[in-house]
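Good morning, and thank you for joining this meeting. Please look at the sequence and the structure as they appear, and I shall then guide you through several parts in turn.

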Amino acid sequence: MIGIIGAGPAGIMAALEAAQRGARVILFDANPAVGRKLLVTGNGRCNISNAHTGPERYTCADRKFLETAFGLYGRETALARLRDLGVPAYATPDGWYYPLSDSAASVVETLTAMLDLAGVEVRLRCKAVDIWRTADGFALTIGGPSHVCQVERLIVACGGKAYPALGSTGELFPILERLGHTIVPLYPALVPITARVRQFHKLQGVRLDAGLSLWQGGRKLAETSGNLMFAQDGFSGPAAMDLSHWVSTRPGADLKLVIDLAAFHRNALLELIARWRRRPVPLGAVLAAVMPAKVPPVVLSLAGLDPAVRLADVSQKELNRLLHLLSHLEAEVTGTRGFKFAQLSTGGIPVTEVHPQTMESRLVPRLHFAGEVMDVIGPCGGFNLQWCWTSGALAGRGAAQ
């Protein structure tokens, strides 16, 4: 018998793969229904994968671990398996994969039905509160000392600490540590970044595609590009959230964000400026051709220019200063929002303590891991759900074999 703790995407895939290979599977979850985290992915659309998934896009302690895992069960394998399960998908032009239904609820409904057809015993409102090794595997204390379940192999897919309202509280990590594992400290990831943004208060709620880099002193820690949103207390959107784990894991550090507002449309902007350089065209109108209308007045003011200034009246020195500012807008970072606002958490079980072929512990035989419980972080856009499908499938196969 295989026990699985956590009926999120990783636990569901592990259960289906193990059951397909003839194993008897019991899937435990503290929630009243399976897949509650799936319901909130992709803003309710369920961003199930990404065309650009690959080991190099993730942060973890061992890149070769991910190369092995994705080599065995990568994006195409996961998409084919989901299609067989009744979840066909399509890709957007930027490579984000969604179900054809564009509905996370329909995905959960389908996978729930597949668990039933596969003969998986699903036990809901059953919280695992303790794990003990036995001669034949593991004993799980479920919901209290009077309810103990014996399993031969155990897959832990309980998540990290993000979205605590959906059941990810991190309560099992001390137990996993007691069993012999190292626990990398947990911090929020894929979460809004907080910063000193008083100079940008007029941009609150503005979204645009931009380049973003994070600096500590004179050293660039990381960079990304994508959609960015100016918020009341900092920055949100995929671009900011992709860098957030670099911030949360450095509490109190002197960090700054550098924003490149022209990253996606620099050539178009330079072409417009060259074409109209000697014309009495409002400079703000030129900038507004490639960015949201609220941005030019703020940037012009920060550059020391009148928001109504005309392009022909701006000196080359002033224009150069403005162009530099557009690609080097700086904000002092103060931290991140907490686990309550995070899509993911960093930390947990280090991959160096796990076999990549089966997700079995190198330290505790018959114990497997899947999903967010391991210290693997991908960017926004389906990368982390892909990791759930990959690690869940390998854990389920490994445990069944």
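I begin with a pair of helices: helix 1 and helix 11 cross in a right-handed manner. Please bear in mind that this is a predicted model. Helix 1 covers residues 9-20 and helix 11 covers residues 383-400; the angle between them is about 35°, and their axes lie 7 Å apart.

Which residues of helix 1 and helix 11 make the contact? From helix 1 they are P9, A10, M13, A14, E17 and A18. From helix 11 they are L385, C388, W389, G392, A393, G396, R397 and A400. By type, the residues of this contact comprise ten nonpolar, two polar and two charged.

One residue of that contact, L385 of helix 11, leads us to a loop. T41 is located in the loop that runs between strand 2 (25-29) and strand 3 (49-50). If neighbours within four places in sequence are set aside, T41 is in contact with L385, and also with C46, N47 and A104. Is T41 buried or exposed? Its relative accessible area is 19%, and the limit for a buried residue is under 20%, so T41 counts as buried.

A second loop deserves attention. M359 sits between strand 18 (344-348) and strand 19 (367-369). M359 has a relative accessibility of 0% and is therefore classed as buried. What does M359 touch, when residues up to four places away in sequence are not counted? Its contacts are F65, A69, V354, L367, H368, F369, M374, W387, S391, L394 and A395. Consider A69 in that list: M359 and A69 are 290 residues apart in sequence, yet their C-alpha atoms are 8.7 Å apart in space.

Finally, I turn to a pocket. The second largest pocket has a volume of about 250 Å³. It is lined by 14 residues, and those closest to its centre are R57, T59, E223, D242 and P379. Two elements, strand 14 (219-231) and helix 6 (238-248), each give two or more residues to this lining. Which element supplies the largest share of the lining of the second largest pocket? That element is helix 6, with four residues. The lining as a whole divides into six nonpolar, four polar and four charged residues.

To close, I would ask you to find three places again in the display: the right-handed crossing of helix 1 and helix 11, the buried residue M359, and the second largest pocket, with R57 among the residues closest to its centre. Thank you for your attention.

Technical notes:
Residues numbered from 1 in each chain as written. Predicted model: local features only at pLDDT ≥ 70, side-chain atom pairs only at ≥ 80, totals over all residues. Heavy atoms only, no water. Axes fitted to C-alpha atoms, helices over the stretch in contact; angles between N-to-C directions. Left-handed = near helix turned anticlockwise from the far one by under 90°. Contact = heavy atoms within 4.5 Å. Nonpolar A, V, L, I, M, F, W, Y, C, P; charged D, E, K, R; others polar. 1 Å grid on protein atoms, 1.4 Å probe; cavity = no way out; pocket = protein on both sides within 12 Å on 5 of 7 lines; lining within 4 Å. Points joined across faces, edges and corners; volume = space filled by probe spheres on them. Buried < 20%, exposed > 50% of the residue type's maximum accessible area, 1.4 Å probe, protein only.
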